[in-house]
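Let's take a walk through this structure, one kind of contact at a time. Keep the 3D view open and find each residue as we go.

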Amino acid sequence: MDPIEEIKQTFFQECEELLAELETGLLTLRAGDGDEETVNAVFRAVHSVKGGAGAFALDNLVSFSHVFETVMEEMRSECQSQSRETFDVLLRAADLLVDLVREARGGAVVATERTTLMTTELNNCLAQNAASPASECQSEDQFEPLMEADALGFVPQQIIFDDLDGDIEPTSSGQSAQIWSIVFAPHNDLYATANDAVVLLRELSRLGEIDTVLAMDSLPALDAIEPEHAYFSWTIQLTSDCSEDDIREVFDFVEDECDLEIRRLSNDIQAAPDTDTITPAPNDIDRFDAARSELLGTDPASDALISDTRTATTEAEPDETVETPAITETPQAQQAASPQQSTIRVDLDRVDILINLVGELVINQSMLAQHAGVSGFSKEQGVGTGLDELERLTREIQDSVMAIRAQPVKSVFQRMPRLVREISAQTGKIVRLETEGETTEVDKTVIEKLTDPLTHMIRNAIDHGLETPEQRTAAGKPAEGVVRMSANHRSGRIIIQISDDGAGINRDRVLEIARHKGLISHSEILSHDEIDNLIFKPGFSTAEEVSSISGRGVGMDVVKRSIESLGGRISISSTPGTGSVFTMSLPLTLAVLDGMVITVGDQALIVPLNNVIETLSPRAHKIKYLGPHERVMALRDQHVPLVDLGHLMGLRDHLMEPSGGVCILVENDAGAQIALLVDDILGQRQVVIKSLEQNYRKVDLIAAATILGDGRVALIVDIDAVICSRQSSSDHTIRPLEQTSLAS
Amino acid sequence: MPAANQIKVLVVDDQLSMRKLIAGALMQIGFRRIFEENNGKAGLAHATSSPVHLVISDYNMPDMDGLEFLKQLRAHPLAGKTGFIMLTGRADATLVGRARELGVNNYVVKPFTVTHLKAKLEQVIGKLT
């Protein structure tokens, strides 16, 4: 990548962090919780965005951030006492800034009117503060020093370079410090006599401060490398008060096995302009100039290049030095040195590869355990305990790797304040968003897929849930409505709740619509919960009129489907007059699953354990036939449909006799239950999910695949699909349990 | 006429992108011994423990801003005379005045071109080779 482009990308990443900080800061200030540091952080964010944008000539971004900054500068002294309305304007200005950064990154173009309008709004805030309005800055050159140095009364002060090194450097003693240039090129014999260049360089570093440059131009292509030949040479600049003899002593034992050139340079920097005095090996200059011009797009300068290797070079392997021709100190080196930097950025693909490999490891481990079991090895003491230990370690590795993918839900949550602002502006409702449990961690894939459903639910909560300020006041509630968003872990799943303190679900209206649309029959009597959950039915939309916010009919059913596709469940509970709570329960990861291994015919299948309620031995007298293919099974005081899984999947032509198999009572997320008739149950185990769609194609009734301990592929049954196919094929003559009123 | 490649420069800015840009500009001018820190506190620790000839520091930084950095650096018995060039977002008379009182050698308004930076450096160092 073009080096400037690369720096620009770094800038954009910083912008993301800065703008998130800006938003958080403004929200804190609006809530009246901010201190001076919050104000500073907010200013710094806008200021830094402007500064960077100027450097990359991103004009739109520069001009707006300039206006923004100027307005805030004017308000600075009484920033903490600004009105809520002013902060709302600033927050929307921050939103615009986010969009402008996105535009600069090649995203959607921001309409000029929007910027103009926002500029006016910002200036209006100022007018209220009786300050002079900021003008939109049109071009970059206005940022050239507006006043010359003397105009500001500034006279540049000469810098006098004293013997800085001599004064302070602990490694050298006062005025006698010298700068030495040492060129060290080992012969093949050097290595043959068991000497090591690294050791010599390290020894040299004890004499003083050294700057090392590696020349590797004589290194041939891989296939031409003679392993016993020496290809590298070093140019070392040593700052030390030692004598030439001291330096020669370091190379004492290898003097005949290398080319060594030692010259003294001056120690006075001001008096050392003569670049000829430093002559590193010509190769060095060529090489590093080439590298540098590649990096900076500049012409190679003829002067010597002395890379700073203060941090690591002498200790480093030669290859490392080559990898990082450290022109400046690398950020990594700094980060390693700085104690607060404890994170690294890793390409997601690498993590996915690791996850995949661990998946293979788990499979392999269980295969090994199975083989050892079959051949009787595991009975032998050593093998058995070894295998147990391997299983434990594998499980630990798996958990640790999964934890790498885990991310706090904050990344999704922090998108919502902006959404709330936009919707509250559109609907005229006053809304406060409260969040809790932002640090709760969940798999990255789950997080990515959470954004859309959450957005939709927040929209719904404000658009349909909350009342208008007038309605609220009339009902004796505060005019400001509250939407709460929380996340926490519960029994291996993540629970996300979105609640509002609105009017709750209007059940009469819901029933009326559901009946009108034929979603339920007129005679059906439903519990409160059942009525509430009708809003998840496809095609259900309660908005009196279709609004631009909640859309047309693609309401909660879509949300429900996307949550279910993540292996999650969603439900609602509502109290008239006090509000509604949506509860989502999601798996922590999509990569593994606890499953029950069953057999149907000669196939091994997996039923997700969270769908399984109980297992039963079917008795002939409990089975009732409804036509030739439909059967129900009596289960305590109810009847549930009995489905022969093998027959349904086309693995056998005829229905299996119930007495020949085992029944598994399963339930989908909607609470519909059926009994699955299968040949046998082999056991429970954790399985690694392998996508069928990616590796083969989508197969009806199958969610994914996995590999068993014996190496066989086992398909994972999509219980929801099985129940749905059952409902549609039977044309609702048999409905799941709760809607069936068969006498036992 | 000092040789740019002999001068140790410490670039202090909280933004990685700005540090890279400044370091890139310094490379073009001919500097080779460039160090980086990301705030005033880290800059001060660097400049006092491992001396440099010149500091180029941003003003607006978390933890310790450029002015405080300058003040504390000037107070240091050994590193007190280190050259100091302040980067500012705007030509603000108050800020520049404070910096002058504290003994700044020069200031540069962002954004700047390589030529501009070089000119500002030469004002205080002399013609660079």
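## A charge over a ring

Start in chain B, with Lys120(B) and Tyr107(B). The charged end of the lysine sits over the tyrosine's ring, 4.6 Å from the ring centre. Bear in mind, here and below, that this is a predicted model.

## Chain A in broad strokes

Now zoom out to chain A, which has 744 residues, 45% of them counted as buried. Its secondary structure adds up to 24 helices and 22 strands. The accessible surface of chain A is about 37200 Å², and carbon and sulfur atoms make up 50% of that.

How much of the contact in this chain is between residues far apart in sequence? If you take the contacts in chain A with a separation of 6 or more, 69% of them are between residues 24 or more positions apart.

## Rings that pair up

Across all chains, there are nine aromatic pairs. One of them is made by Phe11(A) and Phe56(A): their rings are 5.5 Å apart, centre to centre, with 35 degrees between the planes, and the pair is tilted. These two come from distant parts of the chain, 45 residues apart: Phe11(A) is in helix α1 (residues 3–30) of chain A, while Phe56(A) is in the loop between α2 (36–55) and α3 (59–75). Are they buried or exposed? Both Phe11(A) and Phe56(A) are buried.

For another geometry, try Phe232(A) and Trp234(A). Their ring centres are 6.4 Å apart and their planes are at 80 degrees, so this pair is edge-to-face. Phe232(A) and Trp234(A) are both buried. They also belong to one aromatic cluster, together with Phe184(A) and Phe251(A).

## Salt bridges within chain A

The whole structure, over all chains, holds 40 salt bridges. One of them joins Glu16(A) to Arg105(A), with the closest N and O atoms 2.7 Å apart. Glu16(A) is in helix α1 of chain A and Arg105(A) is in the loop between α4 (84–104) and α5 (112–128), so this bridge ties together parts that are 89 residues apart in sequence. Arg105(A) has a relative accessible area of 37%, so it counts as partly exposed.

Next, look for Glu203(A) and Arg206(A), whose side chains meet in a salt bridge at 3.1 Å, N to O. Glu203(A) is partly exposed because its relative accessible area is 36%, and Arg206(A) is exposed because its value is 61%. There is also a network of salt bridges linking Glu23(A), Asp95(A), Asp99(A), Arg102(A), Arg114(A), Arg418(A), Arg421(A) and Glu422(A).

## Where the chains meet

Which residues form a salt bridge at 3.6 Å, N to O? That's Arg33(B) and Asp211(A), through their side chains. Arg33(B) lies in strand β2 (residues 33–37) of chain B and Asp211(A) in strand β2 of chain A, so the bridge joins two chains. Arg33(B) is buried, with a relative accessible area of 3%. Asp211(A) also counts as buried, at 3% relative accessibility.

Thr10(A) is another one to find, in helix α1 of chain A. With 11% relative accessibility, Thr10(A) counts as buried. Setting aside its neighbours within four places in sequence, Thr10(A) is in contact with Leu16(B), Ser17(B) and Lys20(B).

From the other side, check out Val104(B), in the loop between α4 (93–102) and β5 (106–109) of chain B. At 1% relative accessibility, Val104(B) is buried. Not counting residues up to four places away in sequence, Val104(B) touches Phe154(A) and Gln157(A), along with Leu70(B), Phe84(B), Met86(B) and Ala99(B). Phe84(B) is 20 residues from Val104(B) in sequence, yet their C-alpha atoms are 5.5 Å apart in space.

## A nonpolar patch on the surface

Last stop: the outside of chain A. Here Leu219(A), Leu222(A) and Ile225(A) form a nonpolar surface patch, with about 270 Å² of accessible area together. Leu222(A) is in the loop between β2 (209–215) and β3 (233–240) of chain A. Why does Leu222(A) count as exposed? Its relative accessibility is 74%, and the cut-off for exposed is over 50%.

Note on methods:
Residues numbered from 1 in each chain as written. Chains lettered and ligands numbered in written order. Predicted model: local features only at pLDDT ≥ 70, side-chain atom pairs only at ≥ 80, totals over all residues. Heavy atoms only, no water. Patch = residues over 30% accessible without salt bridge, like charges linked within 9 Å, V, L, I, M, F, W, Y side chains within 5 Å. Areas by Shrake-Rupley, 256 points an atom, 1.4 Å probe, with all protein chains shown as cover. Salt bridge = Lys/Arg side-chain N within 4 Å of Asp/Glu carboxyl O. Helix = DSSP H or I, 4+ residues; strand = E, 2+ residues; numbered from the N terminus. Buried < 20%, exposed > 50% of the residue type's maximum accessible area, 1.4 Å probe, protein only. Phe/Tyr/Trp six-rings, centres within 6.5 Å; stacked < 30°, edge-to-face > 60°. Lys NZ or Arg CZ within 6 Å of the ring centre and 35° of its normal. Contact = heavy atoms within 4.5 Å.
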